[in-house]
Amino acid sequence: MYQRVIKRVADFLISLVLVVLLFIPGLIVALVIKLDSKGPVFFKQTRYTKDTRPFTMIKFRTMVTDAPIQAAGQIQNPKQYITKFGRILRETSIDELPQLLN
């Protein structure tokens, strides 16, 4: 019981520190995404926890807004829908940083 509370508090504190430290770089990434392609800065999707509770996952958008809504394995060439800057974000995993807010 105490381990779960300690883990939750540690997760919260680490995320808070990282959000503060990465705020300015995050703004720069958001600006570049806006300049690179039209559409929203964030990609949002409903995912489920291990207890099957839904939550909204947030990432920086790396694909064009009119990309098909299908699994990558079902699309002929999924890489054609990734933006120029999105490719860099994916290679460096920077697109995952907004998940600190989750």
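Helices (H or I, at least four residues) and strands (E, at least two) are DSSP runs, numbered from the N terminus. With that in hand, let us walk through the chain. The model is a predicted one, where local features need pLDDT of at least 70, side-chain atom pairs count only at pLDDT 80 or more, and totals for chains, interfaces and linings use all residues. Residues are numbered from 1 along each chain as its sequence is written, and side-chain values use heavy atoms, with hydrogens and water left out.

Start with the overall plan. The protein chain has three helices and two strands, and their order from the N terminus is α-α-β-β-α. Its C-alpha atoms fill a box of roughly 50 × 35 × 20 Å along the principal axes. Of the 102 residues, 22% are buried; here buried means under 20% relative accessible area, exposed means over 50%, and partly exposed lies in between, using a 1.4 Å probe and protein chains only. We can also look at contacts, meaning heavy atoms within 4.5 Å. Among contacts between residues at least 6 apart in sequence, 48% join residues at least 24 apart.

Now find the two strands. Strand β1 covers residues 42-48 and strand β2 covers residues 54-60; they run antiparallel and are joined by seven bridges. Two strands pair if DSSP finds at least two bridges between them. To trace one of these bridges yourself, begin at R47, whose partner in β2 is F55. In a regular strand, side chains alternate between the two faces of the sheet.

Together β1 and β2 make a hairpin, with five residues between them. What is special about the phi of T52? It is positive, at about 60°, although T52 is not a glycine. You will find T52 in the loop between β1 and β2. With a relative accessible area of 60%, T52 is exposed.

The hairpin also has a pair of rings to look for. The structure holds one aromatic pair. The rings of F42 and F60 have centres 5.5 Å apart and planes at 15°, so this pair is stacked. The rule behind that word is that rings of Phe, Tyr and Trp (its six-membered ring) pair if their centres lie within 6.5 Å; planes under 30 degrees apart count as stacked, over 60 as edge-to-face and the rest as tilted. F42 sits in strand β1 and F60 in strand β2, 18 residues apart, and the pair links distant parts of the chain. Are the two rings' residues buried or exposed? F42 counts as partly exposed, at 37% relative accessibility, while F60 counts as buried, at 6%.

Moving on from β2, you pass through the loop that leads to α3, where K79 lies. K79 is exposed, with a relative accessible area of 60%. The C-alpha atom of K79 is 8.8 Å from that of M63, and these two residues are 16 apart along the chain.

Next comes helix α3. Its residues F85, G86 and L89 are buried. They lie on the same side of α3, because they cover an arc of only 100° around the axis, the arc being that of the directions from the helix axis to the C-beta atoms. An α-helix has 3.6 residues a turn, so residues three or four places apart point the same way. The face of α3 turned away from the buried side carries the exposed residues K84 and E91. What do the buried residues of α3 pack against? They pack against α2 (23-36) and β2.

Just after α3 you meet S93, which has a positive phi of about 65°. S93 counts as partly exposed, at 42% relative accessibility.

D95 is also in the segment after α3. D95 is buried yet has no salt bridge, and the nearest side chain of opposite charge, K59, is 4.3 Å away. A salt bridge needs a side-chain nitrogen of Lys or Arg within 4 Å of a carboxyl oxygen of Asp or Glu; Lys and Arg count as positive and Asp and Glu as negative, while His and the chain ends are not counted. Not counting residues up to four places away in sequence, D95 touches K59, F60, T62, L89 and R90.

Our last stop is L97, in the segment after α3. L97 is partly exposed, with a relative accessible area of 34%. Leaving aside neighbours within four places in sequence, L97 is in contact with L22 and F60. L97 and L22 are 75 residues apart along the chain, with 8.5 Å between their C-alpha atoms.
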